[in-house]
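Student: I have a structure to go through. Could we test each label against its definition?

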Amino acid sequence: MRALVADDDVTSRRILEAILTKWGLEPTVVADGLAAEAVLMEEDAPPLVLLDWNMPGLEGPEVCRRLRRRETSSPPYVVLLTSRGEKSDIVRGLDAGANDYIAKPYDLGELRARIGVGLRMLELQADLARVRDELAFQATHDVLTGLPNRRAALEALEREVSRAAREKGALSLGICDLDHFKNVNDTWGHPAGDAVLVAFAKVVRGCLRPYDILGRYGGEEFLLVAPGHRPTAGGGVFERVRRAVAQTPVATAGGAISVTVSIGVANLRAGGTSDALLSAADAALYRAKDEGRNRVCYAPEEEAR
Ligand SMILES: [Mg+2]
């Protein structure tokens with residue numbers, strides 16, 4: 001693990017560098033507060049920091065304060081080193097955001113023990129961050145397809161509607177519904193139905209531009225948010241999706257299953273809301289189903305207002 005040592009005293013610096021290296025850490029060593037701050041601002045900055053209190057440029061507590069002002073999910077563990085032994089100094093150092101404090105001249109056993117505490121804290125913090133990221137992913141993604149789930153897809157739609165309004169850009173919303181999906185489940189069984197949904201997500205992803213967003217709306221319904229999309233007769237991302245799905249049978253244990261998709265599309269109008277888009281796209285989807293499925297239908301302009 002990387003560690004930062006900032007101390008203006010050359011002897012102290014060398015000793016700390018040697019000790020930390022001996023303990024299996026990789027120390028970066030600097031001689032003043034500004035240099036310490038610069039290292040700590042780097043991406044992938046050292047997670048363990050030993051800061052001398054009295055240094056030219058910036059003093060240890062000030063480096064600490066600046067560090068703590070930054071928003072990060074993985075703050076470094078900071079130990080202040082100082083010969084100031086007064087209680088009020090200790091309080092000041094901790095108030096500045098230091099995690100711990102050790103008085104010079106330090107006892108090696110104590111230093112080692114305190115660094116050990118820091119390493120355990122950092123490990124705990126990393127574990128928590130991992131769990132939090134995992135939970136955040138689970139809360140926003142569909143387990144089966146790995147796509148954004150309904151809530152995340154609706155949030156993305158809301159965000160893109162706001163952005164399009166702000167930037168006066170185009171935006172299309174497609175609701176994609178697999179045709180006769182119930183038949184797939186009834187004829188081939190639910191595992192095959194799941195395989196179809198997973199394959200559908202994969203095929204559609206292959207048709208998207210980097211900024212298009214596909215999410216699972218529910219069951220066999222998917223939302224496709226296409227920012228900057230302007231409908232063109234017979235073209236565009238939605239037609240591309242329809243064609244790709246129709247041309248890609250899904251291989252399952254029971255054999256290849258051909259599926260098609262119907263898509264209802266609505267384009268954002270000036271002053272339009274995501275709710276208006278959703279209901280206009282939904283109405284267009286009904287028409288696509290009505291007119292024989294395996295097709296893309298566009299909502300009339302006035303509906304999406
Ligand atoms: Mg000093």
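The questions below take the chain first, then its cores, one helix and a few backbone details.

Tutor: This is a predicted model: local features need pLDDT of at least 70, side-chain atom pairs count only at pLDDT 80 or more, and totals for chains, interfaces and linings use all residues. Residues are numbered from 1 along each chain as its sequence is written.

Student: What makes the chain more spread out than a compact globule?

Tutor: First, the inventory: 10 helices and 12 strands. These are DSSP runs numbered from the N terminus (helices are H or I, at least four residues; strands are E, at least two). The radius of gyration, over C-alpha atoms, is set against the globule rule, 2.2 Å times the number of residues to the power 0.38. For 305 residues the rule gives 19 Å; the chain has 29 Å, well over that, so it is more spread out than a compact globule. The C-alpha trace spans about 85 × 50 × 30 Å along its principal axes.

Student: How is the chain divided into domains?

Tutor: Into domain 1 (2–140) and domain 2 (150–304). The bounds come from an automatic or database domain assignment. The C-alpha centres of the two domains lie 51 Å apart.

Student: Why is Lys 168 called exposed?

Tutor: Count C-beta atoms, placed from the backbone: 20 or more others within 10 Å means buried, 12 or fewer means exposed, and in between is partly exposed. Lys 168 has 7 such neighbours inside 10 Å, so it counts as exposed. Asn 294 has 17 within 10 Å and is therefore partly exposed. Across the chain, buried residues make up 34% of the 305.

Student: What else marks Lys 168 and Asn 294?

Tutor: Phi. Lys 168 has a positive value near 50 degrees, and is not glycine. It is found in the loop between helix H6 (150–167) and strand S6 (171–178). Asn 294 also has a positive phi near 50 degrees. Asn 294 lies in the loop between H10 and strand S12 (296–298).

Student: How do you know that the span of H6 agrees with a helix of 18 residues?

Tutor: The expected span is 1.5 Å times one less than the number of residues. For H6 that is 26 Å; the end C-alpha atoms are 25 Å apart, which agrees.

Student: Why do the buried residues of H6 count as lining one face?

Tutor: Ala 153, Leu 157, Glu 160 and Val 161 are buried. Seen down the axis, the buried residues fall within an arc of 105 degrees (taken from the directions from the axis to the C-beta atoms), so they line one face. Arg 151, Ser 162 and Arg 166 are exposed on the other side. The cover over the buried residues includes S6, strand S7 (213–218), strand S8 (221–227) and H10.

Student: What makes a set of residues a nonpolar core?

Tutor: Its members are buried Ala, Val, Leu, Ile, Met, Phe, Trp, Tyr and Cys residues joined through C-beta atoms within 7 Å. The largest has 44 residues; Leu 223, Val 241 and Ala 281 are among those with the most contacts inside it. Helix H10 (274–290) gives the most, with 6 residues. A second, separate core of 26 residues includes Ala 36, Val 63, Cys 64 and Leu 80.

Student: Which peptide bond is cis?

Tutor: Lys 104 to Pro 105, with omega near -5 degrees. Pro 105 sits in the loop between strand S5 (100–103) and helix H5 (108–140).

Definitions and conventions. Contact = placed C-beta atoms within 7 Å.
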